[in-house]
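Colleague: I'm new to this one, so could you take a close look at a single part for me? Which residues line the largest cavity?

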Amino acid sequence: MDANVFPVPEAIAKTALIDNAKYLEMYDRSVKDSVGFWAEHGQRIDWIKPYTEVKDVSYDPHDVHIRWFHDGTLNVSANCLDRHLATRGDQTAIIWEGDDPSESENITYRDLHARVCRFANAMKAQGVKKGDRVCIYLPMIPEAAVAMLACARIGAVHSIVFGGFSPDSLSNRIQDSECVMLITSDEGLRGGRKVPLKANADKALETCPSVTSVVVVKRTGGAVAMTEGRDVWYHDVVAAASADCPAEELDAEHPLFILYTSGSTGKPKGVLHTSGGYLVYASMTHQYVFDYKDGDIYWCTADVGWVTGHSYIVYGPLANGATTLMFEGVPNYPSVSRFWDVIDKHQVSIFYTAPTAIRSLMREGEEPVQRTSRKSLRLLGSVGEPINPEAWLWYHRVVGDSRCPIVDTWWQTETGGILITPLPGATALKPGSATRPFFGVVPLLVDAEGNELSGATEGNLCIADSWPGQMRTVYGDHERFVQTYFTTYKGYYFTGDGCRRDEDGYYWITGRVDDVINVSGHRMGTAEVESALVAHPKVAEAAVVGYPHDIKGQGIYAYVTLVAGEEPTEALRKELVGWVRTEIGPIASPDVIQWAPGLPKTRSGKIMRRILRKIAENDFGALGDTSTLADPTVVDDLIDNRPDA
Ligand code: WTA
């Protein structure tokens, strides 16, 4: 066998839920009889009123609609909590590991249920009703999961904003979905450093008239301002609330959450996910992709501010009655062994993280890993960006002692759950490949004209047909949903990713083909960074592209043209980096700013990003045709003045 193929290890094959024959049989049925397949698997969750309609989907640009199980009713929080009480009430639902290694907590299903019911009642007492939008801006503390499930219990729609976003970004997201409540904490704690969440929230709320109530969790005890009549403490409102809160009966298509994500143009989009199909898909992928069985201790290192945290820390695992670990801290605090120490401390058997974390820990050498045991590990996972084979091999050999399969899971905020992935007991692995589609998923590669390509080839990745976890719309802007995903290639969902398919039918994601860049696994629209830059009074014009970065995957490279008369100084460069951090958040900090007296434009004024990308990549040989530029000499200037060129 090919040296670069890793067959299913014997120990895994013996116990795995799905072997290759079973995968092929189930996959075949899932695409040939999609309705029958999902009618059956939809029953993995509890319905209050059973569905009779499985699927009602159209990708026709004139009438895009996506509905699954739509005449059924259910409650997502009851599925994640109540239905487990009889059989596993005393089992740990959430292991919380604090930023400080001396702080951790085990929360049973019974306890989590009581906390969610109390907080759901407290939210109702604050006036939150079914259908209202609630913004959650919290660190990775148990209250984040409690708040999500409390919203789901009463039919409120949560919109989580990552704690690393600035007041401005928070404000924009709250305004877009007109949230009535904001749930935050005094401060966050990451790597021993405090994050001023309440102060950021106060600033954001200056421009958010829809928010009438703010609930504040005490995390650090740091001093915060409380606005009379608007702000209440979490511990006060839950102490006053009853632990009896019946779960609301909701339609399968009742909105569960909105999550903002970056696209190639404009402001971030509010991706809307609904209840029934999403939960079926999140729980089913969690079970099969991670080969989850009772007794496993499962740890996904994502933040609940991203979709991975929604589907694979909270909803998927809890729907499956799993034990899920929630980590407040960072991989390198108090030492670069932290991940492996936590694995030993809680006997983690399934570990799911991002390539950027692996690459940064790889740089620290093998010793910080090898001084820990990691004997409890059975399976490793990767998500968020392409994993380079070198990082894959290190993860496999050093972290997993060559014993644990790696599931490289490709998916998106829009897809709700994993679409392309190995199954541990079924799939031989190739480092760097997300391998094969999950049940019900039909990937296809198209050329620029939308012609489907067959066999071993490379093209733009589309998905034919729907799966239950698919997003339903862009909140408040269905037309943008249609335009973004269903008009480029008629009849298909367009992912925005490029992809190669090899002779074994394995898929290799090559990265975004649009103006979205992936920085440390975080999606960033180049247009967002550009509009932050041009908002600075000294900036006339800016163009932002991604470039290869050893740790982050991609870095942010900004070309900036200053207003006439302004001097390009080192101090101004620092000021602009700081400016973008305050406008968007630290994840958007430009890595490189190049002063550009002019930008390469066509005669009609369109910036030629292809050229800017090549210069940022230090790849001057392949600039392509520059003769259509209004002023070809700007290119030479950019090359000559490239920083560290
Ligand atoms: C990229 C994160 C290669 C891809 C779940 C996608 C990946 C974008 C992988 C979505 C992977 C995610 N291999 N690329 N295993 N997983 N991506 O919405 O470009 O934050 O379109 O969802 O990340 O990022 P998002």
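Modeller: First, helices here are DSSP runs of H or I, at least four residues long, numbered from the N terminus. This is a predicted model, where local features need pLDDT of at least 70 and side-chain atom pairs 80 or more, while totals for chains, interfaces and linings use all residues. Residues are numbered from 1 along each chain, and side-chain values use heavy atoms, without hydrogens or water.

Now, the cavity. The model has three cavities of 30 Å³ or more (sets of points on a 1 Å grid where a 1.4 Å probe fits but cannot get out). The largest holds about 50 Å³, counted as the space filled by probe spheres on points joined across faces, edges and corners.

Around it sit Ser169, Asn172, Arg173, Asp176, Tyr260, Lys267 and Pro268 (each has an atom within 4 Å of a point). Helix α8, residues 167-177, is the biggest contributor, giving four of them: Ser169, Asn172, Arg173 and Asp176.

By character, the lining has three charged residues, two polar and two nonpolar. Arg173, Asp176 and Lys267 are the charged ones, Ser169 and Asn172 the polar ones, and Tyr260 and Pro268 the nonpolar ones.

So where does the cavity lie? Domain 1 (10-78 + 254-511) and domain 2 (109-248) each supply lining residues, so the cavity lies between them; those bounds come from an automatic or database domain assignment. Tyr260, Lys267 and Pro268 are on the domain 1 side, whereas the four residues from helix α8 belong to domain 2.

Methods: On a 1 Å grid over the protein atoms alone, a cavity is a set of points where a 1.4 Å probe fits but cannot get out, and a pocket is an open set with protein on both sides within 12 Å along at least five of seven lines; lining residues have an atom within 4 Å of a point. Helices (H or I, at least four residues) and strands (E, at least two) are DSSP runs, numbered from the N terminus.
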